[in-house]
Amino acid sequence: MPRPFRFGVNLLTLDTGPAWREKCRRAEELGYDVLLVPDHLGWPSPFPALVAAAEATERPRVGTFVLNAGFWNPSLLAREVATTDALTGGRLELGLGTGYVKDEHDAAGLPFGTPGRRVDHLEHTIRELDRLLGDPEHLPKAVQRPRPPLLIGGNGPRMLRLAARHADIAAFTGARQAPGRPEGTLELLPAEQVAASVAAYEEYAEHEAHAADRAEPAERNILVQQVLVTDDRRAAAREFVAHGVGIDEEQALEVPTLLIGTPAQMADQLRECRERHGFSYITVLDRSLEAFAPVVEQLKGS
């Protein structure tokens, strides 16, 4: 049996406290299961934003999507995680990634390093969090034991192996740095490359399930970059790819990180993605909060 769908929204902007709380309540009202906050300079600080989101709502879980591991000392991060989990009543999900924007590290006075070193630091962070939060003497104490569920986001071979070994939720971004464009500008990967990442992850996960004695496979997440509501899928795809997003018109109609069509067509596309790739946890950006809500309504509980 496939996993039931879960739906998250990544909240990127903060105007005022009341507006933030109202947006979180609106997401709960629309049926979203997880309220998420990313980790970039110039955007909301993740942990206080998540505490406020939890206080404004009753049902949704809250999570980081994803923390830039290079910003964090593992011991200080363990304190933040445990405190946030306690203040939210055990509703926290912890998303971790390596970080990919060098300018942010430079602005913070932190080393960026090579991709390999960033993965090394992430792996060290994961092991330290497991050690610290799993220690019954650690203070403050997290509500969830041995720690909040861990989401790991990334697509490279080492990241996929890390997710296979450690993650409760494996997140696939389906995007990469656009060559020759400003740092932090992403382009979408074609569907076949996303499928290749999923296949590689499955191979690692099969091995790690035995090595780590995993009780059940990790949940799989996909980040949908755009939700385009239309009665003419092809025309919308043609217009979208004209902005230079790394894929052509035909690919735009197939890629799992782009939803185009009526809510019923989008729901069918997500059912197919779950069948083919195991994506049952679907995240959208807050600009798509309202546009995606009819799809949430159609798929809720299925």
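Me: Starting with α10 and α11, is their crossing left-handed or right-handed?
Reply: The crossing of α10 and α11 is right-handed, meaning that the near helix is turned clockwise from the far one by less than a right angle, whereas anticlockwise would be left-handed. This is a predicted model, in which local features need pLDDT of at least 70 and side-chain atom pairs count only at pLDDT 80 or more, while totals for chains, interfaces and linings use all residues. Residues are numbered from 1 along each chain as its sequence is written, and side-chain values use heavy atoms, with hydrogens and water left out.

Me: And at what angle do α10 and α11 cross?
Reply: The axes of α10 and of helix α11, which covers residues 289–299, cross at roughly 60° and come within 9 Å (axes are lines fitted to C-alpha atoms over the stretch in contact, with angles from 0 to 180 degrees between N-to-C directions). That makes α10 oblique to α11, since angles under 35 degrees are roughly parallel, over 145 roughly antiparallel, 65 to 115 roughly perpendicular and the rest oblique.

Me: Which residues make the contact?
Reply: On the α10 side the contact is made by P263, A264, M266, A267, L270 and R271, and on the α11 side by F292, P294, V295, Q298 and L299, where contact means heavy atoms within 4.5 Å.

Me: What about A267 on its own, buried or exposed?
Reply: A267, a residue of helix α10, has 0% relative accessibility and therefore counts as buried (buried is under 20% relative accessible area, exposed over 50%, partly exposed in between, with a 1.4 Å probe and protein chains only). Not counting residues up to four places away in sequence, A267 touches V295, Q298 and L299. The C-alpha atoms of A267 and P294 are separated by 9.1 Å, although these residues lie 27 apart along the chain.

Me: Where do the buried residues of α10 fall, seen down its axis?
Reply: The buried residues of α10 are M266, A267, Q269, L270, C273, R274 and H277. Seen down the axis they fall within an arc of 160°, so they line one face of α10, the arc being that of the directions from the helix axis to the C-beta atoms. The face turned away from this buried side carries the exposed residues E275 and R276.

Me: What follows α10?
Reply: G278 follows α10, and its phi is positive, near 85°.

Me: Changing topic, where are the cis peptide bonds you can point to?
Reply: One of them runs from F65 to V66, with omega near -15°, and V66 is found in the loop between β3 (61–64) and β4 (67–68). Another joins L139 and P140, with omega about -5°, and P140 sits in the loop between α5 (115–134) and β6 (150–153). Most peptide bonds are trans.

Me: What does N68 in β4 touch?
Reply: N68 lies in strand β4 and counts as buried because its relative accessibility is 4%. Leaving aside neighbours within four places in sequence, N68 is in contact with D39, G97, T98, G99, E104 and H105.

Me: Last one: how do α3 and α5 pack?
Reply: Helix α3, residues 74–87, packs against α5 at an angle of about 55°, with their axes 9 Å apart, and the two are therefore oblique to each other. Their crossing is right-handed, and the contact is made by P74, S75, L77, A78, V81 and A82 of α3 and H124, T125, E128, L129, L132 and L133 of α5. As for the labels, helices (H or I, at least four residues) and strands (E, at least two) are DSSP runs, numbered from the N terminus.
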